[in-house]
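Please open the model in a viewer and follow the selections below in order. Each stop indicates what to select and what is to be found there.

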Amino acid sequence: MIAKFSIDYITFPQHNKRVDTHRTDDPVEAGDFLMNLLILGARILAIKHEGVELGPHAFDKMIKQAAERVASRLIATALHLDSVEVHHRFGFPA
């Protein structure tokens, strides 16, 4: 059975060419994994849903959501705020 989501990526792209794939059936886990890839500076090559590569709009939407969550957490930690205050002051999702 095909995993619901699969993410093709390269860790440390400046030193590595090996493509790895993360597979999961959980959309929340897929988002969390994308957050970690963004923090690491990994190269994200493709996101597939049920074996079909996402189109540019859906791909960009998933990346944007992950980036917003990363930014929200960084601001919350740096300013010692809760997620509601970060949302109110900066507009990032709570």
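Begin by selecting Asp8 together with its surroundings: leaving out residues up to four places away in sequence, Asp8 touches Val19, Asp20, Thr21, Arg43, Ile44, Leu45, Ala46 and Lys48. Asp8 lies in strand β1. With a relative accessible area of 12%, Asp8 is buried, since the cut-off for that class is under 20%. Please bear in mind throughout that this is a predicted model.

**The whole chain**

Now select the entire chain and display it as a cartoon. Three helices and four strands are present, and read along the sequence they follow the pattern β-β-α-β-β-α-α. The C-alpha trace spans about 40 × 30 × 20 Å along its principal axes. Of the 94 residues in the chain, 33% are buried. Among the contacts with a separation of 6 or more, 45% are between residues 24 or more positions apart.

**Strand β1 and its partners**

Select residues 5–10, which form strand β1. Are the faces of this strand covered or open? Both are covered: on one side Phe5, Ile7 and Tyr9 are buried, and on the other Ser6, Asp8 and Ile10 are buried. Because six of the six residues of β1 are buried, the strand is largely enclosed by the rest of the structure.

Add residues 20–24, strand β2, to the selection; β1 and β2 pair in the antiparallel sense over five bridges. To find one such pair, highlight Phe5, whose bridge partner in β2 is Thr24.

Next add residues 43–49, strand β3. This strand also runs antiparallel to β1, and six bridges join the two. Two pairs may be highlighted here: Tyr9 stands opposite Ile44, and Ile7 stands opposite Ile47.

**The β3–β4 hairpin**

Extend the view from β3 to strand β4, residues 52–53. The strands β3 and β4 run antiparallel and are joined by two bridges; Lys48 has Glu53 of β4 as its bridge partner. Together β3 and β4 form a hairpin with two residues between them.

Select Glu50, which is placed in the loop between these strands. In this turn, Glu50 has a positive phi of about 55 degrees. The relative accessible area of Glu50 is 48%, so this residue counts as partly exposed. For a sense of distance, draw a line from the C-alpha of Glu50 to that of Val19: the two are 19 Å apart in space and 31 residues apart in sequence.

**The loop between β1 and β2**

Move to Lys17, which lies in the loop between β1 and β2. Is Lys17 buried or exposed? Its relative accessibility is 72%, and Lys17 therefore counts as exposed. A line from the C-alpha of Lys17 to that of Glu53 covers 20 Å, with their positions 36 residues apart in sequence.

**The nonpolar core**

In soluble globular proteins, nonpolar side chains tend to be buried together. Turn to the largest nonpolar core of this model, which has 15 residues. Select Ile7, Leu34, Leu37, Ile44, Ile47 and Met62 and show their side chains; these have the most contacts inside the core. At least two residues of the core come from each of β1, α1 (27–40), β3 and α2 (56–79). Which element supplies the largest share? That element is α1, with five residues.

Centre the view on Met62. Beyond its neighbours within four places in sequence, Met62 is in contact with Phe5, Ala30, Leu34, Ile47 and Leu54.

**Where two helices cross**

For the last stop, select α1 and α2. Their axes come within 9 Å and cross at roughly 70 degrees, which means that α1 is roughly perpendicular to α2. The crossing is right-handed. To display the contact, select Ala30, Gly31, Asp32, Leu34, Met35, Leu38 and Ile39 on α1, and Met62, Ile63, Ala66, Ala67, Arg69, Val70 and Arg73 on α2. Leu34 and Met62, highlighted earlier in the core, both take part in this contact.

Definitions and conventions:
Residues are numbered from 1 along each chain as its sequence is written. This is a predicted model: local features need pLDDT of at least 70, side-chain atom pairs count only at pLDDT 80 or more; totals for chains, interfaces and linings use all residues. Side-chain values use heavy atoms; hydrogens and water are left out. Buried means under 20% relative accessible area, exposed over 50%, partly exposed in between (1.4 Å probe, protein chains only). Two strands pair if DSSP finds at least two bridges between them. A nonpolar core is a set of buried Ala, Val, Leu, Ile, Met, Phe, Trp, Tyr and Cys residues joined through side-chain atoms within 4.5 Å. Contact means heavy atoms within 4.5 Å. Axes are lines fitted to C-alpha atoms, for helices over the stretch in contact, and angles run from 0 to 180 degrees between N-to-C directions. Angles under 35 degrees count as roughly parallel, over 145 as roughly antiparallel, 65 to 115 as roughly perpendicular and the rest as oblique. A crossing is left-handed if the near helix is turned anticlockwise from the far one by less than a right angle, and right-handed if clockwise.
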